[in-house]
Amino acid sequence: MPGRSVGVGYTLVKHSQSEQIPPCPVGMSKLWEGYSLLYVEGQEKAHNQDLGFAGSCLPRFSTMPFLYCNINEVCYYASRNDKSYWLSTTASIPMMPVGSFQIAQYISRCSVCEAPSQAVAVHSQGINIPQCPEGWRSLWIGYSFLMHTAAGAEGGGQSLVSPGSCLEDFRATPFIECNGARGTCHYFSNKYSFWLTTVEPAQQFVEAPVSETLKAGQLRMRVSRCQVCMKNL
């Protein structure tokens, strides 16, 4: 069986969840940098981007990064209420929608890196950082991001093996909505983020989950931790 070419690499995406462009891990070269696209919504239907794939890092930002075309060979741009959703930064949530140059401070930056092997996310389902498998090295640690919904209950999710399911920073509102036709972005109240929770081994098959309400300062107590690992070659 022919061996794999040494010159062929995998891609790894790093999302900073800040205005800063994240560096690639040691020993990896950057292919491009951009802005962290989570998903888009057109015709009231969502199309998700896995944050572990290079397609989630668009080189250029626009509140409306797509257009739509019909059977009459006519295409329309920014002419209806379609939306785009982006990973956001730690900037304070604004009182009103922001537009123009004000938007940049709320959009996470990203880098696409060439990696020597495939990276995977490992989840502890506990508050402890999980260990990488033997023979694998750590790239980063984070919190287990599962899925998201917004307008019209549309949304998407992350494959739990994907590095995109392990966000380095936890926040209850990790993404922002941008309205293409208006050219503005805002955090609306219909946005929900879903995270893997902690599961005690002794409670796996014992009883129904106990309802809880966690408030500011307690949120990380029930969120699973994760680690992104890469095989040593």
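The second largest pocket has a lining of 15 residues, and those nearest its centre are Gly52, Phe53, Gln118, Ala119 and Pro163. Two elements, β1 and β10 (119-123), give two or more residues each to this lining. The largest share, four residues, comes from β1. The volume of the second largest pocket is about 220 Å³. By chemical character, its lining consists of eight nonpolar residues, six polar residues and one charged residue. The reader should bear in mind that the model described here is predicted.

The pocket just described may now be set beside the largest pocket, which holds about 770 Å³ of space. The largest pocket is lined by 26 residues, and the closest to its centre are Thr197, Thr198, Glu212, Leu214 and Arg222. Its lining divides into 13 nonpolar, eight polar and five charged residues.

Pockets are open, whereas a cavity is a space in which a probe fits but from which the probe cannot get out. Rolling a probe the size of a water molecule over the atoms shows where empty space is left. When the whole structure is searched, three cavities of 30 Å³ or more are found. What is the volume of the largest cavity? The largest cavity has a volume of about 70 Å³.

Which residues line the largest cavity? The lining is formed by Val13, Lys14, His15, Leu51, Trp140, Pro163, Gly164, Cys166, Leu167 and Glu168. Two strands, β1 (10-15) and β13 (166-167), each contribute at least two residues to the lining of the largest cavity. With three residues, β1 provides the largest share of this lining. Six of the lining residues are nonpolar, two are polar and two are charged.

Certain names recur in these descriptions. Pro163 is one of the residues that line the largest cavity, and Pro163 is also among the residues nearest the centre of the second largest pocket. Strand β1 supplies the largest share of the lining of the largest cavity, and β1 likewise supplies the largest share of the lining of the second largest pocket.

Finally, the chain may be viewed through its database record. In an unreviewed entry, UniProt lists residues 9-233 as "domain: Collagen IV NC1". In the predicted model, the C-alpha atoms at the two ends of residues 9-233 lie 12 Å apart. This span is 39% strand and 0% helix.

Methods. Residues are numbered from 1 along each chain as its sequence is written. This is a predicted model: local features need pLDDT of at least 70, side-chain atom pairs count only at pLDDT 80 or more; totals for chains, interfaces and linings use all residues. Side-chain values use heavy atoms; hydrogens and water are left out. On a 1 Å grid over the protein atoms alone, a cavity is a set of points where a 1.4 Å probe fits but cannot get out, and a pocket is an open set with protein on both sides within 12 Å along at least five of seven lines; lining residues have an atom within 4 Å of a point. Grid points are joined across faces, edges and corners, and a volume is the space filled by probe spheres set on the points. Ala, Val, Leu, Ile, Met, Phe, Trp, Tyr, Cys and Pro count as nonpolar, Asp, Glu, Lys and Arg as charged, and the others, Gly among them, as polar. UniProt positions are given in the numbering used here, feature names are shortened, and annotations may be inferred rather than shown by experiment.
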